[in-house]
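Got the viewer open and a hand on the selection tool? Let's take a walk through this one, stop by stop.

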Amino acid sequence: MNLKSFTLLSGMALLLQYCGTPQAAESNVTPSSSRVDSLLSVMTIEEKVGQMTQVAIDLILEDDETTVVDMEKLRTALLEKNVGSILNVKGHAYTVDQWHEILNAIQEVATEETRLGIPILYGIDAIHGANYIAGSTLFPHNIGTAASRNLEMARRIAEITAAETRAAGIPWNFDPVLDVGRQPLWPRFEETFGEDVYLVKTMGAATIKGYEQDGLNQDHTVASTMKHFIGYSMPETGKDRTPSYIPETMLREFLLPPFKEAVEAGASTVMINSGEVNGVPVHASKYYLTDILRDELGFEGVAVSDWEDVIRLHTRHRVAATPKEAVRLAVEAGLDMSMVPLDYSFYDLLVELVKEGTISEERLDLSVRRILNLKEELGLLDNPFPKEELKSRVQLAEYDSVAYDASLESLTLLKNENDILPLDKGTKVLVAGPGANNLGTLHSSWSYTWQGSDEDLYPEKALTIVEALRNEIGEENVISRSVTDYGAEENYDIDQLKADAAGADVILLTLGEKAYAESPGVIDNLELDPRQLALAEAAAETGKPVVLVLTQGRPRVISSIVPDMDAVLLAYRPSTFGGAAIADVLFGDYNPSGILPFTYPRHSGDVVLYDHKGTEKIREDQPNTYGDGGFNPQWTFGEGLSYTTFEFSDLQVNKPTFGPDDELEVRVKVKNTGSRAGQKAVELYSRDHYASITPSARRLRDYTKVSLAPGEEKEVVFTVSPEELAFVNEAGEWVTEAGAFDLMVGDQKVEVNYAL
Ligand code: BGC
């Protein structure tokens, strides 16, 4: 009986089955419903292996140019190779109508023609919005959302992304990135929530809750994917997919907590890091994939490989002498599904491995049960078809206003000499530089294409900085010769800049990075491109005030030009309404409130993070570098200016000495002492005076954001448990050692003592 008749006939009986009692769990056996058990009990080895096989849409489309499914190719995938999951787009975003056609064709064959009628699990990268649905509004990349310090915003962005993705008929999203951004060269830095583990873990969990809400079987939720487990973001050279060397204490204290929190938040799936950690490719590591992920974190969902990574255990990492050995290693390590994705090698080789007895059928059952559970939880076993009525749930005006607010809240003002900003709306501005007329730089990775660099695919509502400024202050006040092509000579024409500056009151210089994703974004030098630095120097030489607007995914070193800039506004990758949001901040319609989610280095050879160790920046040949004197970034984590001023006072704790069963209540007052309404991110940090593992200079423990009218004061209350002050000791255990800690908010500090 195939699924459709199964579903139609079912009625109450099926409902009872669906609610059936979970089976007793052995070690690592995820409980499942009797419907899943019934399916599993009749599946052949081939059908099981097929469920573990994920291929790209390339294998089922007529050709590279079309979105039309080739029915013969589809039948090969589903009927001959029993494929259970498909992913991705070919080339660029599809319309909702195209998505429905594709998914209808796929699910029709899956439910009507395969022996058991098990639907296909379709997965997509809906990163910073439903970027593979043509025309959808995009939100700032995670790095900007983290700057907003607004957890509600992170959650809302995910909710909207989920609703649109599901409306297209896609139930699985490969997001969020939970990698901690501690290597600024890494080209996926913009996809991270920054350098601090607490920020990443809280933003990540909020995102997962937004995707999955209170259940996957709904028209507005999708399965989320915590990725990339683990250690991807810290390659030693900074290049994508290159080796990391991560001591166990660092892994546990700085990289693992976001995944632990994500599992607790209910994340349904995980994607594995393509790289290798300490010489072990993560896809081949039983330690990471089973001992830590399953046994320690208690994760019961689906573990999918990243792109082609099983094959690469043989071809790139060379830990497997043959492709077959690569499959064995990954499956034995604990992988549930292989994103093969451009051939059927995983399927063929795994079938062989099981038939010859190298891998047991019980091992397959572990993974297949998880995959079928997910299909059931998503409601696919009841109805896998896209719903016509959901087509109207995409691209709503209310989504635009959230995206606009998110862009505004992300913008981070780093310098504002003599309060040059906000500018008067009558100011005549010269908008120069490569970012002025380019949409890719505002959006970057995963924006209608993987690379985000196809300017023709952006919706009309996405405005470049120049277009947005013309709307803001009128055509007559905006001079710009910048062209769309980021690298074009015209965008770096120093003589022209000088000539045009003569007719302007202020130069708005738009520098940073063009769009990129993954490896094409690899750089050898954190310094900003010399052509851009030369442009900034030329702008300064004109004698006109220069306001630097940076659209970039990572902190490109600009120390040689910062002293000459009157203001610096960091916009990260603000996306659809980024241009408009930048214009609002520059001309005072919005008071900026973003603060840095990373430390902005002053020199590329001096990348020291805010939570560095005490000795990380001492210079024995220089006085005053003990303490924190040697810490010399351009701007540190948490910095960001406002058009108003804030003052903290009265930082107090309820118990100066506390024990294991106590919870500290930390209170602080924050006042808007300026003349404009504004929002202030309030962050609580701690510093451990002495510890058996050298303590960090400071660590973020909590944060919130308050809105204050001029003159208004509010009290913020944080609670801190001893566990929240813990660190990972030499034995790999979380401990809070007795002794003194400083608790700090802004310029306020209070000392507390932990007594065992
Ligand atoms: C990326 C993943 C992504 C996958 C599927 C890979 O190249 O590393 O983050 O989910 O492709 O598109």
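What follows is a tour from a sheet to helix packing, then on to rings, charges and a buried helix.

Before you click, note that this is a predicted model, where local features need pLDDT of at least 70, side-chain atom pairs count only at pLDDT 80 or more, and totals for chains, interfaces and linings use all residues. Residues are numbered from 1 along each chain as its sequence is written, and side-chain values use heavy atoms, with hydrogens and water left out.

**Stop 1: the sheet**

Select strands S11 to S16, which form an open, mixed sheet of 6 strands in the order S11-S16-S15-S14-S12-S13. At the edges, pairing on one side only, are S11 (412-416) and S13 (478-479). Strands (E, at least two residues) and helices (H or I, at least four) are DSSP runs, numbered from the N terminus, and two strands pair if DSSP finds at least two bridges between them.

Now pick S12 (residues 429-432) and S14 (residues 506-512): they run parallel, joined by 4 bridges. Which residue of S14 is the bridge partner of valine 429? Valine 506 is.

Add helix H21 (residues 578-586), which lies across S14, S15 (546-551) and S16 (567-570) and runs at about 150° to S15. Axes here are lines fitted to C-alpha atoms, for helices over the stretch in contact, and angles run from 0 to 180 degrees between N-to-C directions.

**Stop 2: two packed helices**

Select H7 (residues 151-167) and H16 (residues 397-410); they pack at about 145° with axes 11 Å apart. For side chains, show Met153, Arg156, Ile157, Ile160, Ala163 and Glu164 of H7, which meet Glu398, Tyr399, Val402, Asp405, Ala406 and Glu409 of H16. Contact means heavy atoms within 4.5 Å.

**Stop 3: rings**

The whole structure holds 17 aromatic pairs. Rings of Phe, Tyr and Trp (its six-membered ring) pair if their centres lie within 6.5 Å; planes under 30 degrees apart are stacked, over 60 edge-to-face, and the rest tilted.

Go to tryptophan 99 and tyrosine 122: the ring centres are 5.6 Å apart and the planes at 75°, so this pair is edge-to-face. Tryptophan 99 lies in H5 (residues 96-113) and tyrosine 122 in S3 (residues 121-124), so the pair ties together parts 23 residues apart in sequence. Are they buried or exposed? Tryptophan 99 is buried at 0% relative accessible area, and tyrosine 122 is buried at 0% too. Buried means under 20% relative accessible area, exposed over 50%, and partly exposed in between (1.4 Å probe, protein chains only).

Next, select tyrosine 132 and tryptophan 446, an edge-to-face pair at 6.5 Å centre to centre with 80° between the planes. Both of these residues, tyrosine 132 and tryptophan 446, are buried. Stay on tryptophan 446 and add lysine 227, whose charged end sits over the ring, 5.7 Å from its centre. A charge sits over a ring if NZ of Lys or CZ of Arg is within 6 Å of the ring centre and within 35 degrees of the ring normal.

For a bigger selection, take Phe189, Tyr572, Phe598, Tyr600 and Trp635, linked by ring pairs into a cluster.

**Stop 4: arginine 312 and H10**

Arginine 312 is in H12 (residues 309-315) and is buried at 10% relative accessibility. Beyond neighbours within four places in sequence, arginine 312 contacts Arg241, Trp307, His317 and Arg318.

Finish at H10 (residues 257-264), where Pro257, Pro258, Phe259, Ala262 and Val263 are buried. Their cover includes H8 (197-212), S5 (225-229), H9 (248-255) and S24 (734-735). Just after H10, glycine 266 takes a positive phi of about 100°.
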